[in-house]
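Biologist: Please pick one part of this model and take a close look at it. Then work outwards and tell me how it sits in the rest of the chain.

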Amino acid sequence: MPLAAQAQQPTSAAPAIPEYAAGTGDAWVDRQLADINAYAARYPEAFIDELSRYAGARPAYVEALLRNHGWKPGDVYFACFWAHVTNTSCRTLVRARSDMPGAGWKAVLDSLQPPPDNLQWRALRHAIVASYDHWDRPITLDALLKRQLGDRAQRDAARKANR
């Protein structure tokens, strides 16, 4: 092999770090859940407070899932907020996911009765946007969410009007 070609060859390959994949079946939700992992790593108290205040999760339960059971924050967020929008318990979703190790959230939800509907997905997507607003974290909305919720200034104005 010529010397120039040898110089371009990597000397050692770093081990691949598995990328987080929530597997909800909604690419926008999956991206936000991956970003929530990064946010929660930096601001764990704000993350736990969000789940407690707006999804009704017990802080000790959230901490146990994260610290003792190795759950990713995005998965805890999804379980607790999906439970909130479907009027079930976070524990029910955690058990269902635990019973299907390696499965994505879409497969878990498809195994439940009744199956998820569009209104629940809409409520979850709106909850994610609201969380980002609470955290004052930038978020890119897809076209549908832009039509439904508007930009940050419009969302803030709507919240003030509803107080």
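**A buried charged pair and its surroundings**

Modeller: Arg 97 is buried, with a relative accessible area of 15%. The model is predicted, and what follows is to be read with that in mind. The limit for buried is under 20% relative accessible area, so the 15% of Arg 97 places this arginine among the buried residues. The partner of Arg 97 is Asp 75: the two form a salt bridge in which the closest N and O atoms are 3.3 Å apart. Side chains of opposite charge can pair when their charged atoms come close. Asp 75 is buried as well, at a relative accessible area of 9%.

The location of the pair comes next. Asp 75 belongs to helix 5, which covers residues 73–86, and Arg 97 to helix 6, which covers residues 90–98; the salt bridge therefore ties together parts that are 22 residues apart in sequence.

Helix 5 and helix 6 have a second link, this time through sulfur. A disulfide joins Cys 80 to Cys 90, with an S to S distance of 2.5 Å. Cys 80 lies in helix 5 and Cys 90 in helix 6, so this link connects parts that are 10 residues apart in sequence. The torsion about the S-S bond is about -65°, which means that the disulfide is left-handed. Both cysteines are buried. A search of the whole structure finds one disulfide. Between helix 5 and helix 6, then, there is a salt bridge from Asp 75 to Arg 97 and a disulfide from Cys 80 to Cys 90.

Helix 8 supplies a polar residue to look at beside these. Gln 120 lies in helix 8, which covers residues 118–134. At 16% relative accessibility, Gln 120 counts as buried. The side chain of Gln 120 reaches the backbone nitrogen of Asp 117 at a distance of 2.9 Å. With its neighbours within four places in sequence set aside, Gln 120 is in contact with Trp 82, Val 85, Thr 86 and Pro 115.

Aromatic rings form another part of the picture. The structure holds 10 aromatic pairs. One of them is Tyr 39 with Tyr 43: the ring centres are 5.0 Å apart and the planes stand at 35°, so the pair is tilted. The two tyrosines can be set side by side, since Tyr 39 is buried at a relative accessible area of 7%, whereas Tyr 43 is partly exposed at 36%. Ring pairs extend from here into a cluster that links Tyr 39, Tyr 43, Tyr 77, Phe 81, Tyr 132 and Trp 135.

Other salt bridges give something to set against the buried pair. The structure holds 13 salt bridges. One of them joins the side chains of Asp 49 and Arg 53, at 3.1 Å from N to O. Both of these residues lie in helix 3, residues 44–55, and are four residues apart, about one turn of the helix. Asp 49 is partly exposed, with a relative accessible area of 33%, and Arg 53 counts as exposed at 58% relative accessibility.

A further salt bridge is found in helix 10, where Asp 156 pairs with Arg 152 and the closest N and O atoms are 3.1 Å apart. Helix 10 covers residues 152–161, and these partners are four residues apart in it, about one helical turn. Asp 156 counts as partly exposed at 27% relative accessibility, and Arg 152 is partly exposed too, at 29%. Salt bridges that share partners join Asp 133, Asp 136, Arg 152, Arg 155, Asp 156 and Arg 159 into one network.

Last, the chain as a whole. The chain has 10 helices and zero strands. Buried residues make up 36% of its 163 residues; Arg 97, Asp 75 and both cysteines of the disulfide are among the buried ones. Of the contacts between residues at least 6 apart in sequence, 58% join residues at least 24 apart. The accessible surface of the chain comes to about 10,000 Å², and carbon and sulfur atoms account for 52% of that surface.

Definitions and conventions:
Residues numbered from 1 in each chain as written. Predicted model: local features only at pLDDT ≥ 70, side-chain atom pairs only at ≥ 80, totals over all residues. Heavy atoms only, no water. Helix = DSSP H or I, 4+ residues; strand = E, 2+ residues; numbered from the N terminus. Buried < 20%, exposed > 50% of the residue type's maximum accessible area, 1.4 Å probe, protein only. Contact = heavy atoms within 4.5 Å. Areas by Shrake-Rupley, 256 points an atom, 1.4 Å probe, with all protein chains shown as cover. Salt bridge = Lys/Arg side-chain N within 4 Å of Asp/Glu carboxyl O. Phe/Tyr/Trp six-rings, centres within 6.5 Å; stacked < 30°, edge-to-face > 60°. Polar contact = N/O pair within 3.5 Å; in protein donor to acceptor, adjacent residues only side chain to side chain. Disulfide = S-S within 2.5 Å.
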